[in-house]
Every structure is written in C-alpha cells, then in structure tokens.
Amino acid sequence: MKPYENQSQSIKYKNLPKKIKNPGLFLGLPTILALTIFFLLPLCLIVLYSFQEPNVFELGKDLTLLNYKDFLGQGYYSTFLWSALLAVLTTAATFVLAYPCAYGMVKVFPKYNMWLTLLLVMPIFVTSNIRIFGWTLILLKGGFLSFLTGWIPGFQEIEFLYNFPVIIMGMVYIYFPFMLFPVVLGLEMVDDTAVEAAVDLGANRWQVFKEVEVPMSAAGILIGCLLVFVLSLGSMVEAQVLGGSIVTTFAEDIHHAFSYQQNWPLGSALSVILLTITVGLILVALRYVNLDKLLGARAKLG
Amino acid sequence: MVTLKKKRAGYKKPLVAVYILTVIFFLQAPALSLLVSSFSADKYFRFPFSELTMKWYVEMFNSGGIRDSVLNSLVTALAVTVPATVLAFLGALAFARYKWRGRFLYQRFLLLPIFFPQMVLGLAQLLLANFMGVNTSWITAGISHMVWLLPIITMVIAIQVYGFDVTIEEAAYDLGASTAQVLREVTLPVLMPGIVTGALFAFLLSWSNFDLSLFLQGVDNMLPVYIYGKMTGGFSPTAPALSAAVYLLSAAVLFIPFWLITRMENS
C-alpha cells in the first residue's frame with residue numbers, strides 16, 4: 001500500500017477526544033482565518049479600487065470601467081506582453097537548467113541530497129536585491145567579468161549589463177530554486193523499477209526521459225513551471241537593475257501607477273489583470289496535481 | 001532498491017557532479033563578488049582595486065542607521081517566527097494528516113500566496129491598512145511577512161507529516177494517553193525536524209524580505225530596504241560590505257543548525 005494513501009484514511013475518530021468532531025477543519029481554522037483577513041480581504045479591496053474613478057483615494061459608490069479601458073488605450077498591454085515574453089523565456093530556460101540538476105540530486109547523489117538542496121536553495125534566504133547587486137559588480141564595465149575577458153584582444157572594457165539576454169540570465173538566476181525544488185519532489189515520484197523495465201525493453205536515454213521520467217514527475221514539473229512563470233510575470237527588479245531601461249515590465253507599471261502617479265484605481269486595475277491570469281492559471285493547473293502524492297513522495301523514500 | 005548499472009543508466013557520474021557544482025557556483029557567484037568588492041578602498045568600483053581595506057566594515061558597525069534597521073528586522077523576524085510556526089504546525093496537520101471536507105479547497109487556498117507577485121500583495125495590504133486607518137509600522141510589515149511565508153513553512157512541515165506513521169499516535173491513545181500527552185510525547189518529537197526547519201525558514205524569509213517591507217514598514221526602516229537605498233543612487237562603498245555581511249549571516253543561520261543536527265544524529 002502507498003503510505004500517502006493510508007495516511008489520511010487510517011485515522012480513527014473514536015480515538016480522538018470527542019470534543020473535536022472535525023480535527024482537520026479545527027487545526028486548519030487559524031490559518032484559514034489569518035489568510036482570509038490578511039490575504040483575501042486585501043484582494044477584495046484591490047478589486048473594489050479597480051472599479052473606482054481614476055485618482056481617488058477613498059472608496060466611492062460610483063463604479064467605472066475607465067481604468068480597464070486605460071489598460072488597452074494607454075499601451076499598458078504592450079508592457080504586459082513584454083513581461084509575458086520574459087516569463088516564457090525564463091520558465092523554459094530555468095526548466096532546462098534545473099532538470100538535470102534535480103535529477104543528479106535525486107537519482108545520482110541521493111546521499112548528498114540535503115546538503116545540495118541547502119546550497120542550491122540557500123540564495124532564496126538572501127534579499128534578491130543584494131544578490132542582483134552582486135551580479136552588477138560582476139557584469140558592469142570595469143567589473144570582474146570584463147577584467148577576465150580583458151586578456152582577450154578585442155574584448156577589453158565590455159559592458160555586459162543593459163541588454164535583453166542579461167535580464168533573462170538574472171531572472172533565471174533568481175527563480176532557479178523555485179523550479180528546482182518542485183522538480184526534485186516530482187523526480188522522487190519516479191519509480192526506479194519503471195526506468196529499469198523501460199531500459200530492459202530497449203528504450204534509449206531520450207525515450208526513458210520522454211516516456212517514463214517526465215510523465216511520472218509531471219506534477220512537480222508543472223508546479224515548478226507554474227511557479228517560475230507566475231513569479232517572473234510579476235517581477236520588476238531584474239529588468240530594472242540589470243536591463244537598465246531597455247524593457248519596461250508590467251510590475252513596474254503597477255508600481256509606477258501607485259507611487260509616482262498616485263493613481264490607486266489604475267494601479268489596482270492593472271494588478272487585477274495580473275492576478276486574474278495568475279490565479280486562473282494556478283487553479284486550472286492545481287486541479288490536475290495530486291498534492292498528497294507530490295509532497296508525500298519524499299516520505300515514501302524514507 | 002534497484003540500482004541501475006552505470007552504462008544502462010545513461011549518465012556519467014563525474015559529468016553530473018561537474019554540472020551540479022557549476023550550478024552551485026552560478027548561484028553563489030554574487031556572494032563571492034560582494035565579498036571581494038567589500039575590501040576595495042576605492043570610492044568608485046573598478047576591478048582590480050587600487051588598495052585593500054577593512055574600513056567599510058568598521059564604518060558599518062558604527063552606523064546608527066544600520067543598527068536601527070538591523071534591530072527592526074530582527075524584532076520583526078522573531079515576532080513573525082513564533083506565531084507562524086505554531087499556525088504552520090497546526091495547518092500542516094490539517095493539510096496532510098486528516099481527511100476532511102473542504103481539504104481539497106484548503107490545500108489550494110493555502111498555496112495561493114506562494115504564487116502571488118509579492119509587490120501586488122504588498123500594495124493590496126497597504127490598501128487594507130489605509131482602509132482600516134492603521135498606520136504602517138514594523139507590525140504591519142510583520143503581518144504581511146506572515147501571510148506570505150505561512151504557506152511556505154506549512155509545506156515544509158507538511159512534507160514531514162506525510163512521513164509520519166499515524167499508528168504510533170493511535171497506539172498511544174489505546175494505551176490511555178491524553179491528547180496533550182500524545183502531542184507532547186509523540187507528535188511533536190516525531191515532527192520536530194520539520195518544525196525546526198520551518199521556523200528557520202520563517203525567520204530567514206522575514207529577515208530578508210524586501211518587497212512587502214517596502215510598502216508596509218512605515219517609519220521602521222528594515223535592513224533590506226536600507227541596503228536598497230544604499231545600492232541605488234550611485235555606488236556607495238559601504239554597500240558591498242553590508243551586503244556581504246548579510247549574505248554570510250543568512251548562510252550561517254541556515255547551515256549551522258543543519259550541521260549541528262547531522263552531527264548529533266551521527267554521534
């Protein structure tokens with residue numbers, strides 16, 4: 001029997017104190033309450049604000065769609081498309097780079113899994129601004145990288161910052177751990193005996209990857225891709241700092257509307273557009289993911 | 001466990017090792033760059049440096065602005081860690097341990113904040129504070145940190161809960177243990193590694209948060225926001241030293257407990 005299945009079923013209510021009829025709801029309630037007040041309520045407010053007249057700070061009774069018209073009329077959709085392009089490229093690149101790494105952690109060096117996970121996920125615990133700052137010192141003209149390339153004739157004094165590829169690099173760098181960990185969880189669901197069987201039946205490496213490993217780890221891959229896509233869709237600092245001003249991101253527009261323009265309703269409407277796409281994608285994708293199986297796979301390995 | 005023969009597995013072990021080490025280098029490169037830069041005596045950044053110095057570190061310890069922001073961040077992170085860990089422990093049991101109506105919905109609801117663009121979440125919470133007439137301070141910043149990191153550490157603990165053999169708990173009940181006893185003697189000790197990891201993550205995620213603090217800290221300047229101010233608006237030679245120190249501190253807070261735990265397990 002699979003352990004993650006007997007987990008929740010084997011509980012016998014008779015053994016629990018009679019006061020608590022529904023222990024799951026009882027234990028989850030504090031979290032549900034906290035998230036309702038400080039997460040759901042703010043979201044409702046932002047939706048309400050998005051239907052207000054432009055430039056107001058108090059909620060009024062007259063509702064309008066003017067702010068959403070600005071999204072189309074004032075060219076905000078073009079920055080949205082830029083952000084979407086950045087997000088797609090970042091997601092694809094991050095997956096290609098993270099998969100072999102995750103594979104190595106789970107299947108090749110399982111002994112060192114914990115230390116490798118810590119080393120690879122650790123950057124998350126340092127403010128991303130600080131890390132991006134570290135990269136600018138590497139990449140700027142007169143920085144570490146241009147010092148290294150300086151030995152090559154014709155490659156002196158190169159500016160590596162302020163171009164499109166460097167933005168992608170920065171985003172891949174920032175979001176890599178968010179892809180890695182879900183894919184690690186996914187790969188832990190891959191059954192070695194299935195791989196063995198496929199090899200016995202004459203499958204080559206590519207076929208094993210395509211027909212066995214990817215389908216069996218699909219839930220982790222899906223969560224990883226979703227996480228990276230959604231987070232990079234809402235990112236701002238990478239493009240701002242590493243890219244200079246060559247690309248304006250949608251998040252920058254939102255920030256701008258709230259801070260410099262002092263137009264809360266416009267900023268809210270832009271946020272609502274971003275959130276609708278984000279939440280829609282998540283809810284659709286999560287329907288197909290068995291979270292118990294994905295998170296329980298690690299337990300199965302013991 | 002079936003081990004694949006090297007040839008059949010289709011990978012070369014040294015190659016995989018080199019790849020993983022390259023990725024680690026890529027991910028940790030900024031730490032190296034910050035650390036090296038922090039010793040430059042030059043007012044403007046240029047490598048190689050004309051002279052090396054420790055004076056930026058000395059300046060860092062004497063700065064009142066840095067001391068205040070460190071204190072603000074520390075107090076907030078500690079204040080967030082305790083309630084977040086308690087809620088996450090209970091929430092993880094609801095997530096992974098019990099089957100109940102609404103669990104499917106609960107699991108998805110809980111995951112939502114992780115997927116949220118932090119800036120939008122921060123702005124939305126600023127609207128709430130404004131709506132309720134609350135002045136922003138380290139308290140509002142702390143609450144916003146909690147909403148965002150609670151789901152993450154609930155996941156961390158939930159992964160531990162999935163591996164938890166519930167029959168031990170039942171056995172304890174059958175032997176006449178009370179709910180409190182079972183919690184104290186069975187559930188908590190078994191789940192302790194997950195809880196400690198969760199608490200550690202909560203502390204570090206609050207300590208290093210920038211996007212939410214920026215909107216919700218009010219007058220209580222947090223360290224990441226302070227450093228951001230030093231980074232922008234021209235190159236300030238204290239910025240690399242401060243950044244390197246923060247980077248190494250986070251690494252130490254994360255690695256030392258794990259190192260201690262593995263040492264304890266081995267002896």
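Student: How do you know at what angle helix 4 and helix 11 of chain A pack, and how far apart their axes are?

Tutor: In this predicted model, helix 4 (residues 76-108) and helix 11 (residues 218-233) of chain A pack at an angle of about 145°, and their axes are 8 Å apart. Two packed helices are described by exactly this pair of values, the angle between the axes and the distance between them. Helix 4 of chain A passes helix 11 of chain A in a right-handed crossing.

Student: What makes the contact between helix 4 and helix 11 of chain A, residue by residue?

Tutor: Helix 4 of chain A contributes Ser83(A), Ala84(A), Leu86(A), Ala87(A), Thr90(A), Thr91(A), Thr94(A) and Phe95(A), while helix 11 of chain A contributes Gly224(A), Cys225(A), Val228(A), Phe229(A), Ser232(A) and Leu233(A). The residues of this contact divide into 8 nonpolar, 6 polar and no charged.

Student: Why is Tyr162(A) called buried, exposed or partly exposed?

Tutor: A residue is buried with 20 or more other C-beta atoms within 10 Å and exposed with 12 or fewer; Tyr162(A) has 16, so it falls in between and is called partly exposed. Tyr162(A) is placed in the loop between helix 7 (144-149) and helix 8 of chain A, and its phi is near 60°, a positive value in a residue other than glycine.

Student: Why is Gln262(A) called buried or exposed?

Tutor: Gln262(A) has 11 other C-beta atoms within 10 Å, and because the cut-off for exposed is 12 or fewer, Gln262(A) counts as exposed. Gln262(A) lies in the loop between helix 13 (250-259) and helix 14 (264-287) of chain A, and it has a positive phi of about 55° although it is not a glycine.

Student: What makes Ala102(A) stand out in the largest nonpolar core?

Tutor: Of the 169 residues in that core, Ala102(A), Leu180(A), Ile157(B) and Ala158(B) touch the most other members. The largest share of this core, 17 residues, comes from helix 8 (residues 164-187) of chain A. Leaving aside residues up to four places away in sequence, Ala102(A) touches Leu180(A), Val183(A), Val184(A) and Leu187(A).

Student: How many residues does each chain give to the contact between chain A and chain B, and what makes up the side of chain A?

Tutor: Chain A gives 85 residues and chain B gives 87 residues. On the side of chain A that touches chain B, the largest share, 18 residues, comes from helix 2 (residues 23-50) of chain A, and the residues of that side divide into 57 nonpolar, 22 polar and 6 charged.

Note on methods: Residues numbered from 1 in each chain as written. Chains lettered and ligands numbered in written order. Predicted model: local features only at pLDDT ≥ 70, side-chain atom pairs only at ≥ 80, totals over all residues. Contact = placed C-beta atoms within 7 Å. Helix = DSSP H or I, 4+ residues; strand = E, 2+ residues; numbered from the N terminus. Nonpolar A, V, L, I, M, F, W, Y, C, P; charged D, E, K, R; others polar. Core = buried A, V, L, I, M, F, W, Y, C linked by C-beta atoms within 7 Å. Axes fitted to C-alpha atoms, helices over the stretch in contact; angles between N-to-C directions. Left-handed = near helix turned anticlockwise from the far one by under 90°.
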